[in-house]
Amino acid sequence: MKSWPAVAVPALMGVHTIPQISLTNSKTLTKELVGKKDIYRMYVCGITPYDATHLGHAATYLTFDLINRYLLATGAEVLYVQNITDIDDPLLERATRDNLKWEDLATSQIDLFRGDMVNLRVIPPVHYIGAVEAIDLVSQAVTALESAGSIYSIDQDLFFKNYSSPDFGSLSHLDKESMKEIFSQRGGNPTLPGKIDPLDCLVWMAKRENEPGWPSVHGVGRPGWHIECTAIALKYLAPSESDATCIDIQGGGSDLIFPHHEMCASQARVLTGKDLAATYVHAAMIGLDGEKMSKSKGNLVFVSKLIDSGTDPMVIRFALMSQHYRLDRMWTQELLNESIVRVSNIRKALQSSTIAPTDSVIGQIIHSLSDDLDTPRALAALDTWAADCLKGSSGGDAAELRCLLDSLLGLAL
Ligand code: ZN
């Protein structure tokens, strides 16, 4: 799948110490230092293209963009892979509802997503892989799970026994009743007759009438969602034998912790004998004006519509970074208005003839980001610096600060 155009990331000017970043690991529920490496392997779950990028998606991809940028600044290479679930039930349901061909709906929404990512200056993944193009890969992974004795069939559909991995449940920390409830809310079917365990998940779905299907050794059908990500991550991130885990970071929105990431982790352990990721990072949810933002409520705010109505993408980026990625938070007109003023003040300060000293604010931004991506603290330091400029403080280097904001925060100001 074609990714979106590259975003230039300038090398930092001046000499700065870039400490190793610490991130909150959803598995251990603690903030952990990410060890120093030459190559980091990061997998972030992509969209199902039946609705364009809403602010919740944007906040998630922005979080991993900040991690990507920070790891790059340490001098490391970041092998970043993202999937796109371009065949799944929600896509087919939406296409039927809107009387569209599912392929056309997917193509139009993927194009919108790419455009949003470009506008928000999100660095594209090295590999951007669609489910349809990964069907052989998924089929091979299912065969490998079958050889491990972890697959059974109900009619022509194939299911994976999640408890094949003894530490299934160790990522989400949920009890079984909660798992069943959430599984059922998020596309699973715990009560399906014939299941060995209610939490076993679909890995290959036989073709249904009037639905697409692809030939495979498992019959004509299509892949399940969890195995799609597991197979793509293990193939395109090419895990190193010498690493203790398959990859370094697996990420997505916090609604993916269970069942999606728990089930991917279980499949990866059966396939490789290792944990899928060293660190599982999850971005919290964005609401609107005090309410949960959701398709069912019809209150999704789309990035493309905000930009079309004249909102500066850098203001959107700034507003999303003004609160911490791990906090469920609200999008409001007030937040947008505040961000417009703050970005304007920083732009004015960068262009003013008297630039307040920049060494300290640069140090504070780097330090704040290294501490579990504390963007609110980084942006507050920037506000203080901008206020000092307006008071006439001098001696700073605007070019050096502008370069840092571009490189680490993705803000082109
Ligand atoms: Zn995924």
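Here is a friendly conversation about a predicted model, covering its zinc site, one sheet and one pocket.

Colleague: Which residues are the protein donors of the zinc ion?
Modeller: Look for the protein atoms lying 2.0 to 2.1 Å from the zinc ion. Two of them are SG atoms and one is an NE2 atom. They belong to Cys-45, Cys-229 and His-260.

Colleague: How many residues apart are Cys-45 and Cys-229?
Modeller: Along the chain, the donors follow the spacing C-x183-C-x30-H. Cys-45 sits in the loop between strand 3 and helix 1, while Cys-229 belongs to helix 6, so the pair links distant parts of the chain. Their separation is 184 residues.

Colleague: Are Cys-45 and Cys-229 buried or exposed?
Modeller: A residue counts as buried when its relative accessible area is under 20%. Cys-45 falls in that class, and Cys-229 does too: both are buried.

Colleague: Which strands stand at the edges of the open sheet with the order 13-12-14?
Modeller: This sheet has three strands and mixed pairing. Strand 12 pairs with strand 14 in the parallel sense over three bridges, and there Ile-286 stands opposite Arg-329. An edge strand has a single partner, so one of its sides is left without a neighbour in the sheet. That describes strand 13 (291–292) and strand 14 (329–331).

Colleague: How many charged residues are in the lining of the second largest pocket?
Modeller: This pocket has a volume of about 200 Å³. Its lining holds 14 residues, with Ser-26, Leu-29, Ser-254, Ile-257 and His-282 nearest the centre. Seven of the lining residues are nonpolar and five are polar, and the charged ones number two.

Key: Residues are numbered from 1 along each chain as its sequence is written. This is a predicted model: local features need pLDDT of at least 70, side-chain atom pairs count only at pLDDT 80 or more; totals for chains, interfaces and linings use all residues. Side-chain values use heavy atoms; hydrogens and water are left out. Donors are N, O and S atoms within 2.8 Å of the metal (3.2 Å for Na, K and Ca); water is not among the atoms, so sites may look incomplete. Helices (H or I, at least four residues) and strands (E, at least two) are DSSP runs, numbered from the N terminus. Buried means under 20% relative accessible area, exposed over 50%, partly exposed in between (1.4 Å probe, protein chains only). Two strands pair if DSSP finds at least two bridges between them. On a 1 Å grid over the protein atoms alone, a cavity is a set of points where a 1.4 Å probe fits but cannot get out, and a pocket is an open set with protein on both sides within 12 Å along at least five of seven lines; lining residues have an atom within 4 Å of a point. Grid points are joined across faces, edges and corners, and a volume is the space filled by probe spheres set on the points. Ala, Val, Leu, Ile, Met, Phe, Trp, Tyr, Cys and Pro count as nonpolar, Asp, Glu, Lys and Arg as charged, and the others, Gly among them, as polar.
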